[in-house]
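Welcome! Let us take a walk through this structure together, stopping at a few places along the way.

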Amino acid sequence: MTAIGSMKVPNTDYSISRTLDTLLEVNRDIFRSNFNRKSFKFNHSLNGGGLFEIPRLVQLAKRMIAGGTAANFSALNFRRASVDSKFTALPEEQRLAETVERLGESGSWIKLTRTQDFDPEYGEMLTSIIDEIEALSGTPLKRDITWPTMTLFLASPKIATPFHIDHESNFLFQVQGEKDVCLFDGTDRELVPDREVERFYNGNAEAANYREDLQERGTVYRLTPGTVVHHPPLAPHWVRNADNISVSVSVGFCMRALEDRARVYQANFILRMIGLKPLPPGRSPARDWMKTSLLRPLEHRHPKNYGDVVFAPMTRLKAPLNVARRLLGRAGK
């Protein structure tokens with residue numbers, strides 16, 4: 001293990017196992033022992049075919065916008081962003097498709113979500129990657145997946161993506177440029193306390209706060225074209241781009257087991273609101289089961305987006321309160 005400043009950098013001289021048809025080049029034992037538990041880096045061969053080159057991505061962005069699905073395309077101005085920034089504090093780019101074309105000088109961060117819905121070639125790539133992940137993990141992964149997605153991230157030179165957590169299991173593939181990804185232990189509740197995770201599952205995507213004094217607990221991975229790093233669920237992370245345009249492919253998937261844990265955090269958020277001090281997930285299987293059972297009927301049976309999968313119980317519980325607030329507001333006018 002070497003170091004950059006106060007950040008650990010892992011050695012990656014692992015022996016690999018692959019065949020001519022595989023996209024992932026990784027030691028099977030390392031993959032199986034760390035999957036969804038610890039971050040680790042390995043190699044990939046996604047770069048060929050032009051699927052992730054800028055001209056192709058410009059057309060993809062235009063297709064998304066023309067189809068009235070601008071929610072799948074977001075562009076933010078990251079000129080003043082830092083690791084401890086908040087996404088909502090950053091202004092949106094107004095001319096979306098053109099932002100992709102002028103990425104080199106725009107200081108922008110662009111996210112293209114669920115690309116598999118807009119081009120079948122991305123869907124085929126996503127299926128192939130998940131098939132390989134399932135084989136490497138040694139588990140019936142596809143049976144547990146509730147919401148798979150391929151997301152593309154495009155970033156201008158030298159910008160930083162703020163510290164945050166994600167619900168899903170994720171693999172981040174670098175296909176153009178270089179950048180540093182700093183990942184922390186997803187079970188470190190001193191770094192991200194239970195209350196912050198509860199607020200995250202109540203719909204606050206920025207609930208996790210960066211703690212500079214705990215930075216040394218992070219491991220930084222330098223991603224170059226042909227490398228990939230695994231983000232376990234809820235693993236806090238930040239990203240800092242090198243002096244180049246960066247194109248990354250994120251393969252993420254929600255899972256039934258992760259939603260069950262989310263329901264415990266959501267139930268705890270409610271219990272804490274009424275003055276109780278609930279146990280976090282994993283401390284009492286019986287209580288976890290009871291909390292999950294109470295919220296599961298509020299899940300969306302036919303989810304249409306990520307929010308339906310992860311946040312539906314809280315959204316539905318809050319809906320009557322929101323209606324009441326609107327009615328009271330009208331009555332007060």
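Is Phe31 buried or exposed? Keep in mind that this is a predicted model. With a relative accessibility of 0%, Phe31 counts as buried, because the cut-off for that word is under 20%.

Phe31 is a good starting point for looking at aromatic rings. A pair of aromatic rings is described by the distance of the centres and the angle of the planes. Searching the whole structure turns up 16 aromatic pairs. In one of them, Phe31 meets Phe42 edge-to-face, with 6.1 Å from centre to centre and 70° between the planes. This pair links distant parts of the chain, as Phe31 belongs to helix α1 (residues 28-34) and Phe42 to strand β4 (residues 41-44), 11 residues apart. Phe42 has 5% relative accessibility, so Phe42 counts as buried. Step back a little and you will find a cluster, in which ring pairs link Phe31 and Phe42 with Phe35, Phe40, Phe171 and Phe253.

Now turn to another pair, Trp109 and Phe153. Their ring centres are 5.7 Å apart and their planes meet at 35°, so this pair is tilted. Trp109 sits in strand β6 (residues 108-112) and Phe153 in strand β7 (residues 145-155), so the pair ties together parts that lie 44 residues apart in sequence. Trp109 counts as buried because its relative accessibility is 10%. A ring can also have a charge over its face: Arg114 lies over Trp147 in this way, at 4.1 Å from the ring centre.

Next, let us visit two helices. Two packed helices are described by the angle between their axes and the distance between the axes. Helix α7 (residues 194-201) packs against helix α8 (residues 256-273) at an angle of about 105°, and their axes are 8 Å apart. The angle falls between 65 and 115 degrees, so α7 is roughly perpendicular to α8. On the α7 side, the contact is made by Asp194, Arg195, Val197, Glu198, Arg199 and Tyr201, while α8 brings Ala262, Tyr265, Gln266, Asn268, Phe269 and Arg272. Sorted by character, the residues of this contact are five nonpolar, two polar and five charged.

Our last stop is Glu299, which is found in the loop between α9 (285-295) and α10 (306-331). Which residues does Glu299 touch, leaving aside its neighbours within four places in sequence? The contacts are with Arg256, Arg263, Ala312, Pro313 and Arg316. With a relative accessible area of 13%, Glu299 is buried.

Technical notes
Residues numbered from 1 in each chain as written. Predicted model: local features only at pLDDT ≥ 70, side-chain atom pairs only at ≥ 80, totals over all residues. Heavy atoms only, no water. Phe/Tyr/Trp six-rings, centres within 6.5 Å; stacked < 30°, edge-to-face > 60°. Helix = DSSP H or I, 4+ residues; strand = E, 2+ residues; numbered from the N terminus. Buried < 20%, exposed > 50% of the residue type's maximum accessible area, 1.4 Å probe, protein only. Lys NZ or Arg CZ within 6 Å of the ring centre and 35° of its normal. Axes fitted to C-alpha atoms, helices over the stretch in contact; angles between N-to-C directions. Parallel < 35°, antiparallel > 145°, perpendicular 65-115°, else oblique. Contact = heavy atoms within 4.5 Å. Nonpolar A, V, L, I, M, F, W, Y, C, P; charged D, E, K, R; others polar.
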